[in-house]
Amino acid sequence: FTRSQSLRRVSFESDQDIQLGSAFQGVSTVESITLPAQLTSLADCTFSLCSALKSIDIPAGVTEIQEDGFEFCEALEEVNFLGDHITAIPEGAFNGCTSLTSINLPDSITFIGPQAFQNCESLTSITLPEGLKTLGSIAFTGCNLTQMVIPAGMELEVYDPETLPFYKCTHDDGMTVYVTEGSWADEHFNELWGFTSMTKAYSAD
């Protein structure tokens, strides 16, 4: 299907797992894809440059999305993970998804890679996964976040403030970061979120 200019909607006859490779890379006309229910992984660039794709449901059994999986899907507005088996959002996974407004990140995710959400300029709110341990450089650069929620149990193990995971990620009016009082995020707030455009607020119990 790569570079097809006529494909609009895709569904699969079987719910069985399948290796998609980069089958849909550059299919700029496809608007809707229903993935097999038993799918377990998405390869590098599987849907990159699918510039008309508007939403996607990630089946519950998917454990892996590889690099640049949805890069430059400029019309993509919503990503819905149906399960909690995925452990990583890799480098560039949603880079350049300029229309993305909604994504639910399962708490099973432990790794968000460099540039994972770079230039998702329509993304205004995000809740980080409770299981998150590693946060890559400029992961959210170019977003317009007004709100970020940090779960009480989230404790990063690998992070470097100098890699600027949240560099230029806020709306012009600033961003409120919600943390639980006494949590890891509360104690380390100034290291990662203590920029002048970010304000700490305590989540309601």
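## A walk through the model

Start by selecting Glu 31 and Arg 8: they form a salt bridge, with the closest N and O atoms 3.9 Å apart. Keep in mind as you click around that this is a predicted model. Glu 31 sits in the loop between strand S1 (9-10) and strand S2 (32-33), while Arg 8 is in the segment before S1, so the pair ties together parts that are 23 residues apart in sequence. A cut-off helps here: a salt bridge needs a side-chain nitrogen of Lys or Arg within 4 Å of a carboxyl oxygen of Asp or Glu, so a pair at 3.9 Å still counts.

Now switch on a surface. Glu 31 is partly exposed, at 26% relative accessible area. Arg 8 is partly exposed too, at 45%.

How many salt bridges does the structure hold? There are 2, so pick up the other pair next: Asp 186 and Lys 200, whose closest N and O atoms are 2.7 Å apart. This one links distant parts of the chain, with Asp 186 in helix H1 and Lys 200 in strand S14 (residues 198-202), 14 residues apart. Is Asp 186 buried or exposed? Asp 186 counts as buried, with 12% relative accessibility, whereas Lys 200 is partly exposed at 33%.

Next stop, the inside. Select Phe 70, Phe 94, Ile 112, Phe 117, Phe 140 and Trp 193: of the 60 residues in the largest nonpolar core, these touch the most other members. To see which elements feed this core, colour strand S4 (55-58), strand S6 (78-81), strand S13 (175-179), helix H1 (184-187) and helix H2 (189-192), each of which supplies at least two residues. S13 gives the most, with 3 residues. As a general rule, nonpolar side chains tend to be buried together in soluble globular proteins.

Back out to the surface. Select Asp 44, Glu 64, Glu 67 and Glu 91, which form a negative surface patch. Zoom in on Glu 64: this residue lies in strand S5 (residues 64-65) and is partly exposed, with a relative accessible area of 36%.

Last, go to Thr 101, in the loop between strand S7 (88-89) and strand S8 (102-103). Thr 101 counts as partly exposed, at 45% relative accessibility. Then draw a distance line from its C-alpha atom to that of Phe 12: the two are separated by 27 Å, and they are 89 residues apart along the chain.

Note on methods. Residues numbered from 1 in each chain as written. Predicted model: local features only at pLDDT ≥ 70, side-chain atom pairs only at ≥ 80, totals over all residues. Heavy atoms only, no water. Patch = residues over 30% accessible without salt bridge, like charges linked within 9 Å, V, L, I, M, F, W, Y side chains within 5 Å. Areas by Shrake-Rupley, 256 points an atom, 1.4 Å probe, with all protein chains shown as cover. Lys, Arg positive; Asp, Glu negative; His and termini not counted. Charge placed at Lys NZ, Arg CZ, Asp CG, Glu CD. Helix = DSSP H or I, 4+ residues; strand = E, 2+ residues; numbered from the N terminus. Buried < 20%, exposed > 50% of the residue type's maximum accessible area, 1.4 Å probe, protein only. Core = buried A, V, L, I, M, F, W, Y, C linked by side-chain atoms within 4.5 Å.
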